[in-house]
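Reader: Before I rely on any label in this model, I would like to hear how each one is justified. Could you take me through the terms with the structure in view?

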Amino acid sequence: MKKIAVFVDVQNIYYTTRQAYGRQFNYRKLWERISSQGEIVSATAYAIHRGDEKQLKFQNALKHMGFTVKLKPFIQRSDGSAKGDWDVGIAIDVMDISRDMDTVILLSGDGDFDLLMDKIRDDYHVSAEVYGVPSLTANSLVEAASVFHPIGDDLLI
């Protein structure tokens, strides 16, 4: 059975599906789809902790499905901008597990991950798959992926 690791850039998926479709992403459908392709050995969702009730419910739902949820504190800067980026954490975790997987699946449209997908595909000979909103996913990430899965109606609530 194929060994699969899943990594979700929660903020990216939330904002891109909302911007492109005005709808939310269906994590349960995603889980069903991926688990039919092999064994999900590891599934991690990277999010920002704001401490509100709605967000805690969402995080608990992800945990119930089988995701490990990693949180970073939401940081509000004095100029009003916000910070809460998981790119380095995601990259480290992907590099740590890729050697032992057949497939690594990343949910993000962030072009910063293109080099990561290239590396694991070329050096570790894994299938480096990406799920993203087509109009909001960097072309470099689509090109770096072994397979690009466009997020559309079938994965939305």
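Reader: What makes S2 and S3 a pair, and in which sense do they run?
Author: Two strands count as paired if DSSP finds at least two bridges between them, and S2 and S3 pair in the parallel sense over six bridges, so the criterion is met. One of these bridges joins Ile48 to its partner Lys72 in S3. The model is a predicted one, in which local features need pLDDT of at least 70, side-chain atom pairs count only at pLDDT 80 or more, and totals for chains, interfaces and linings use all residues. Residues are numbered from 1 along each chain as its sequence is written, and side-chain values use heavy atoms, with hydrogens and water left out.

Reader: Why is the crossover from S2 through H3 to S3 called right-handed?
Author: The word applies if, with the strands pointing away from the viewer, the path from the first strand over the helix to the second runs clockwise; the β-α-β crossover from S2 through H3 to S3 is right-handed, and therefore its path runs clockwise in that view.

Reader: How do you know that helix H3 packs on the sheet?
Author: Contact means heavy atoms within 4.5 Å, and helix H3 (residues 53-65) touches strand S2 (39-49) and S3. The direction of H3 makes about 170 degrees with that of S2, where angles run from 0 to 180 degrees between N-to-C directions.

Reader: Which strands are the edge strands of the open sheet?
Author: The order of its six strands is S3-S2-S1-S6-S7-S8, with parallel pairing, and the edge strands are S3 (68-73) and S8 (147-150), each pairing on one side only.

Note on methods
Helix = DSSP H or I, 4+ residues; strand = E, 2+ residues; numbered from the N terminus.
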